[in-house]
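I open this notebook to record what I looked up, entry by entry. The structure under study is shown first.

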Amino acid sequence: MTAENSLDTATTILKSKQCSLCLVVVADSLVEDLADGFSQAYPKGTNLSEGATAFLLASEEGLKHLNQKPLGQLTKVQFDDDKNLPHKPFAIKDFISYYDSNALDLLRADILSPRPEYTLNLQKPDGSQSLIQWTPRA
Amino acid sequence: MSIFIVATGSSHDTDWRAQRSLPEFRKATKNMLMVSSAIRQTLGPLQVPPDMGLVVGSSYGELETTKEFLITYAKLGLARPFLFPAVFTTRRRDLSRSTLKFRGLLLPSVKGF
């Protein structure tokens, strides 16, 4: 839940007015020599990948400072053992080009998609789930 | 309170490799190069104010450097390379601080591994 946790931390920092702009960035890279260990730690069929994704988040004050139209508005970040999360059955296809902090990468893909879904309901290899919701620019 | 998504960027495959030849990235790990590349794409020409926060997260962490450190220590008994091993991360040389340095930013940061 590294990406979800980072996103949640950034929103907390912004909501507590410690800053008006917050850059969130997550990264995971593979180590060739540890490939056997990695493959054993994930469900069979998982195709491990690597990458980094960054998001610039802003409060209303930060947005005014930048004088820029937002891509959207982040409305919800839920993760871990929240009982209100909708159950998503395990599907190995969700773990193609997977890395642990890829939630931001998937969120970015949805935001830039011509037909966004506005909701990311993700399941992790360990069975835990997360939910990220956003709305288009006002 | 509303939280707005202003910009986003990412780094995959090999787009971070070009930075490796730059002098300022001489000691950078793959994570640092990818993070730096994603940030450059995200911020673009935006003027960042001094009160901007930074949250850096990595689930795997700096495994490559930790592995190299442990192998060298096991073989030679020497505690090196003393760059960014997770077990000996220092305030100035961890992923979040180095990322700020590489991007020329002097900001407070929170890291999450």
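**Entry 1. A helix pair in chain B.** I note at the outset that this is a predicted model. I began with K67(B) and E64(B), which both sit in helix α2 (residues 63–76) of chain B, three residues apart, or about one turn of the helix. An α-helix has 3.6 residues a turn, so residues three or four places apart point the same way. I then looked up the side chains, and those of K67(B) and E64(B) meet in a salt bridge, at 3.1 Å from N to O. I asked whether K67(B) is buried or exposed. K67(B) counts as buried, because its relative accessibility of 14% falls under the 20% limit. E64(B), at 31% relative accessibility, counts as partly exposed. The pair does not stand alone: D33(A), E64(B) and K67(B) are linked in a network of salt bridges.

**Entry 2. Other salt bridges.** I counted next, and over all chains the rule gives five salt bridges. One of them joins K124(A) to E4(A), with 3.0 Å between the closest N and O atoms. K124(A) is in the loop between β6 (119–123) and β7 (129–136) of chain A, while E4(A) is in helix α1 of that chain, so the pair ties together parts that are 120 residues apart in sequence. I checked the burial of both partners: K124(A) is buried at 4% relative accessibility, and E4(A) is buried at 0%. I also looked up D94(A) and K93(A), whose side chains meet in a salt bridge at 3.7 Å, N to O. Here D94(A) is partly exposed, with a relative accessible area of 24%, and K93(A) is exposed at 63%.

**Entry 3. The interface.** How many salt bridges does the rule find across the interface of chain A and chain B? It finds two. K30(B) forms a salt bridge with E50(A), the closest N and O atoms lying 3.0 Å apart. I also recorded 31 residue pairs in polar contact across this interface, with both residues at pLDDT 80 or more. On the side of chain A that touches chain B, α1 (2–15), β1, β3, α3, β4 (72–80) and α4 (103–112) of chain A each supply at least two residues. I sorted the residues of that side and obtained 31 nonpolar, 14 polar and eight charged. The contact as a whole takes 53 residues from chain A and 40 residues from chain B. Between them the two chains bury about 4,400 Å², 63% of it on carbon and sulfur atoms. In chain A, L23(A), V25(A) and L56(A) lose the most area to chain B, together 15% of what that side buries.

**Entry 4. The nonpolar cores.** I followed those residues inward. In soluble globular proteins, nonpolar side chains tend to be buried together. The largest nonpolar core here has 27 residues, of which L23(A), V25(A), L56(A), V6(B) and I39(B) touch the most other members. At least two residues of this core come from each of β1 (21–28), β3 (51–58) and α3 (60–66) of chain A, and from each of β1 (3–11), α1 (30–43) and β2 (53–57) of chain B. The largest share, seven residues, is that of α1(B). A second, separate core of 26 residues includes M1(A), F55(A), I111(A) and I3(B). I then looked up V25(A) by itself: beyond neighbours within four places in sequence, its contacts include T53(A) and A54(A) in one chain, and V35(B), I39(B) and L54(B) in the other.

**Entry 5. S101(A) and α4(A).** I located S101(A) in the loop between β5 (96–98) and α4 of chain A. S101(A) is buried, with a relative accessible area of 0%. Its side chain makes a polar contact with the side chain of D28(A), at 2.8 Å. Not counting residues up to four places away in sequence, S101(A) touches T2(A), A3(A), V26(A), A27(A) and D28(A). As for α4(A), seven of its 10 residues are buried, so this helix is largely enclosed by the rest of the structure. Among the buried residues of α4(A) are D105(A), R108(A) and D110(A).

**Entry 6. Chain B as a whole.** Chain B holds three helices and three strands, in the order β-α-β-α-α-β along the sequence. Of its 113 residues, 49% are buried. Among contacts in chain B between residues at least 6 apart in sequence, 55% join residues at least 24 apart.

Note on methods
Residues numbered from 1 in each chain as written. Chains lettered and ligands numbered in written order. Predicted model: local features only at pLDDT ≥ 70, side-chain atom pairs only at ≥ 80, totals over all residues. Heavy atoms only, no water. Core = buried A, V, L, I, M, F, W, Y, C linked by side-chain atoms within 4.5 Å. Buried < 20%, exposed > 50% of the residue type's maximum accessible area, 1.4 Å probe, protein only. Helix = DSSP H or I, 4+ residues; strand = E, 2+ residues; numbered from the N terminus. Contact = heavy atoms within 4.5 Å. Buried area = accessible area lost by both parts, 1.4 Å probe. Salt bridge = Lys/Arg side-chain N within 4 Å of Asp/Glu carboxyl O. Polar contact = N/O pair within 3.5 Å; in protein donor to acceptor, adjacent residues only side chain to side chain. Nonpolar A, V, L, I, M, F, W, Y, C, P; charged D, E, K, R; others polar.
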